[in-house]
Amino acid sequence: MAATAYSTAALLGGVRLPAAGATSPPSVLLPLRHFSPLRLPDAPRLSLLRVKASSDDTSASAESGDELIEDLKAKWDAVENKSTVLTYAGGAVVALWLSSVIVGAVNSVPLLPKIMELVGLGYTGWFVYRYLLFKESRKELSDDIESLKKRVAGSE
């Protein structure tokens, strides 16, 4: 008990705390301050800022929202095979959830996240050196991206 009292006194700069059973008025331990939430003496006054509401903006946003909904309905009605679209959407949601679970599991292994970070930094450095540092390699990357776009679009 004596060691604890001395270590506490050393931490507090020689000030001793009252014993656990002793009661003291709250003003001895913490000073009471009454703050008004509406009037803070150091708060800047923002009386120059004035905002005026306008009904024109709300009708424009409501119209654009209605247009968006109508466009989505038209696109959904134009889809021929709705079950395939729903299957792909459900598969995308499941894949996103599964990847989140896998990343969480990998992240919980103590040393593996740091190794993955190191691998990512190494790959980023290699990519910058290989494709972004020199003019010829930037041109090669641009050509590769264009050929990939053509393959995805089906024009090649």
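S137 sits in helix α6, where helices are DSSP runs of H or I with at least four residues, numbered from the N terminus. Bear in mind that this is a predicted model, with local features needing pLDDT of at least 70, side-chain atom pairs counted only at pLDDT 80 or more, and totals for chains, interfaces and linings using all residues. Residues are numbered from 1 along each chain as its sequence is written, and side-chain values use heavy atoms, leaving out hydrogens and water.

Is S137 buried or exposed? With a relative accessible area of 7%, S137 is buried; the cut-offs are under 20% for buried, over 50% for exposed and partly exposed in between, using a 1.4 Å probe and protein chains only. Leaving out residues up to four places away in sequence, S137 touches R130, Y131 and L132, a contact being heavy atoms within 4.5 Å. One of these partners also gets a polar approach: the S137 side chain reaches the backbone oxygen of Y131 at 3.5 Å.

Those contacts lead us to the packing of two helices. In general, such a pair is described by the angle between the axes and the distance between them. Here, the axes of α5 (residues 112-132) and α6 (residues 135-153) come within 6 Å and cross at roughly 95°. The axes are lines fitted to C-alpha atoms, for helices over the stretch in contact, and the angles run from 0 to 180 degrees between N-to-C directions. So α5 is roughly perpendicular to α6, a label that covers 65 to 115 degrees.

Which residues make the contact? From α5 come F127, R130, Y131 and L132, and from α6 come S137, R138, E140, L141 and D144. They divide into four nonpolar, one polar and four charged; Ala, Val, Leu, Ile, Met, Phe, Trp, Tyr, Cys and Pro count as nonpolar, Asp, Glu, Lys and Arg as charged, and the others, Gly among them, as polar.

Now follow α6 along its length. Its 19 residues should span 27 Å at 1.5 Å a residue, and the end C-alpha atoms are indeed 27 Å apart. Just after α6, G154 takes a positive phi of about 90°.

Zooming out, the chain has six helices and zero strands. Of its 156 residues, 3% count as buried. For another spot, try V85 in helix α4 (residues 82-108). V85 is partly exposed, at 35% relative accessibility, and its contacts beyond neighbours within four places in sequence are W76 and V79.

Notes: Helix = DSSP H or I, 4+ residues; strand = E, 2+ residues; numbered from the N terminus. Parallel < 35°, antiparallel > 145°, perpendicular 65-115°, else oblique. Expected span 1.5 Å × (residues − 1). Polar contact = N/O pair within 3.5 Å; in protein donor to acceptor, adjacent residues only side chain to side chain.
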